[in-house]
Amino acid sequence: MTRGVYVTGIDRGDGRQVVELGVMELLTRQVDRVGVFRPLVHDRPDRMFELLRSRYRLSQNPDTVYGMDYEAASALQAERGRDELVSQLVDGFHRVGRDYDVVLVLGTDFADTQLPDELSLNARLANEFGASVITVVGGKGQGAESVRAEGRNAFRAYEALGCDVMTVVVNRVAGEDREAIEEGLRAQLPAPCYVLPDHAALAAPTVAQVTEALGAAVLLGDDAGLARDALGFVFGGAMLPNLLGALTPGCVVITPGDRADIVVGALAAHSASTPPIAGLVLTLDERPDESILRLAERLAPGTPVVSVAEGSFPTASRLFALEGKLNAATPRKAETALGLFERHVDTADLVQRLSVERGARVTPMMFEHDLLEQARAVRRRVVLPEGAEERVQRAADVLLRRDVCDLTLLGDPDAIRKKAADLGVDLGAARLVDPDTSDLRKRFAERYAELRAHRGMTVELAYDVVADVNYFGTLMVEAGLADGMVSGSVHSTAATVRPAFEIIKTRPGASIVSSVFFMCLADRVLVYGDCAVNPDPDAAQLADIAVQASATAARFGVDPRIAMLSYSTGTSGTGADVDKVREATRLVREARPELLIEGPIQYDAAVEPSVAATKLPGSRVAGRASVLIFPDLNTGNNTYKAVQRSAGAVAVGPVLQGLRKPVNDLSRGATVQDIVNTVAITAIQAQAAQEEEAV
């Protein structure tokens, strides 16, 4: 029978969407096919399902997600009784359950319904579905003792109704009360209890949500600006000097539209990051003239300026009742929510309690989830030399919200902060370092001159060299001030890796630095090497690449079965190129007899069981290879790009291997998700490097 997880509450306003999102994250790490069922729905499409569908690429038909509307449910219960209502909802659940390994059930929301005793309805549905219950209690605005009582009551209410209560999550509590509430509940309840603090960015509406709620017209601003969180409201009626002192980071300024001085002054403050604001709402249907708007657009490109017909008081009344909502249009809120969930919930224990067996298939999403989880397990420090680059900042925002690692961004701090303000990203937890003015510059120049003295390097010349962000970042890694570095989104591969070759150098036992790509196909993850660094490795180097690639694969959860690729399989071909692969295979077997390796072998025989059965029957690798080693860069680079583009594979990499400490190169076409993945990989490599040093 399909396993179900039923997330429910006891009243409205508990912010359980954070928990629903966190549970879906855990489920999709374990299995490929996760279904969603919402027994009762207010509006279609449901915003939470749309968020889950967008974020987790769900292919489920939306018509199967919903049991029925609240109005229809109320009428059915009044006419034919609760048993008939429950029966029809159970049928809907099982229709979903037939097609999925596990179903996440989104319980009723206790909001604007005419159904009596919703708690008992949720409990009965959970029992009829055979689903375990995660009950959520809201604690906003309540004292610690009151919240503890609510948590106890929620557990006992669902337990008394026969539910298997997996855990209790108390949400939106005051930060200073969190630990006391958690300790109290854990001492009183037999089930695990987790307590999540209230988070301003989750409760804050975005500027887009403010605009929608007010029915405002957008005069200026782009999608990135409208996605900023409105962390507060400042009403501009005073003279400009007084207003500037009242501005707070992330605030929305509300002012009559004829106050051009306030419009220009607030945007100038944003441009200078003193402080960055979220946007402006102009009231009374007054709009600045075109010259002011043009100036405003140049002062703070992308910053929203919207206009409403009402005055400040009715505008304020509507805004103060507005809360932010998680939906598909607020991806940064989703990252914040997941970071909050993962920080305060023992996810390893919860996964075990979910009792969902890990599937044999490793999907791209599962691989990406595992990267973040593994990186977060032992926190490391990663330096990003391209600190003012938009994609890097967006990736840093995700990594910080998800609490994956500590970050240092290099560049002019004022330029980095201004770019972050324009993008609406939060880099507050990152360290910003300017190589030009840093106290480390002289120290690094002396160190680089020492390392390159055999090449005639002097301290004076080195002083200029180390101001380069890639050299500076690499020297931070070498000095132990960072554990790894990721660059290359706007720099060439040579500019990124040359400092690593000069400063970091190869680790003991590695003859060369090489690379792999993790190729995430629909049903498995393959490791390709070397597709980025070595043009034409000889047999010994090819053997080294294979050994390194097998270790990299194992480090990231891919069971290494190595295929040494060639244009012939077994003894069917001859020639220098085949002989090189054959010799490399022999060297690996000699040096590492425990590794599963086959070569020379053609690609189809390596990955397709039916071909392998014909060409190499009885091979332990053929048809099941997971690590594919290409004979040269030309073959490897073209193959990975062909598979990426033609088969729709997600290519994660290149991941450099063989260095003493991790430095990784990005493609200049790297997406934000590519950068997030590469930083996570670098953090995991840093964990391995420190483990090796400790041995």
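**A walk through the model, starting at a strand pair**

Let's begin with one pair of residues: Val 383 has Thr 408 of β14 as its bridge partner. This is a predicted model, in which local features need pLDDT of at least 70 and side-chain atom pairs count only at pLDDT 80 or more, while totals for chains, interfaces and linings use all residues. Residues are numbered from 1 along each chain as its sequence is written, and side-chain values use heavy atoms, with hydrogens and water left out.

Back to that bridge. Strands β13 (residues 381-384) and β14 (residues 406-410) run parallel and share four bridges. Strands here are DSSP E runs of at least two residues and helices are H or I runs of at least four, numbered from the N terminus; two strands pair if DSSP finds at least two bridges between them. Together with helix α18 (residues 390-401), β13 and β14 form a right-handed β-α-β unit. Right-handed means that, with the strands pointing away from you, the path from the first strand over the helix to the second runs clockwise. β13 also pairs in the parallel sense with β16 (residues 484-487), over two bridges, and there Val 382 is matched with Gly 484.

Now for the packing. Nonpolar side chains in soluble globular proteins tend to be buried together. The largest nonpolar core (buried Ala, Val, Leu, Ile, Met, Phe, Trp, Tyr and Cys residues joined through side-chain atoms within 4.5 Å) has 58 residues, and those touching the most other members include Leu 384 and Leu 407. Buried means under 20% relative accessible area, exposed over 50%, and partly exposed in between, using a 1.4 Å probe and protein chains only. Beyond its neighbours within four places in sequence, Leu 407 is in contact (heavy atoms within 4.5 Å) with residues including Val 382, Leu 384, Leu 400 and Val 679. There is also a second, separate core of 43 residues, with Val 105 and Cys 193 among them.

Next stop: helix α2 (residues 47-55), where Met 48, Phe 49, Glu 50, Leu 51 and Leu 52 are buried. The cover over these residues includes α1 (17-30), β2 (34-41) and α15 (331-344). At the start of α2, a side-chain oxygen of Asp 46 comes within 3.3 Å of the backbone nitrogen of Met 48. Just after the helix, Arg 57 has a positive phi of about 50°.

Finally, look at the loop between α27 (609-615) and β21 (627-629), home of Gly 623. Gly 623 is buried, because its relative accessible area is 6%. Setting aside neighbours within four places in sequence, its contacts include Ala 605, Val 607 and Pro 609.

Conventions. A polar contact is a pair of N or O atoms within 3.5 Å; within protein, one must be able to donate a hydrogen and the other to accept it, and residues adjacent in sequence count only if both atoms are side-chain atoms.
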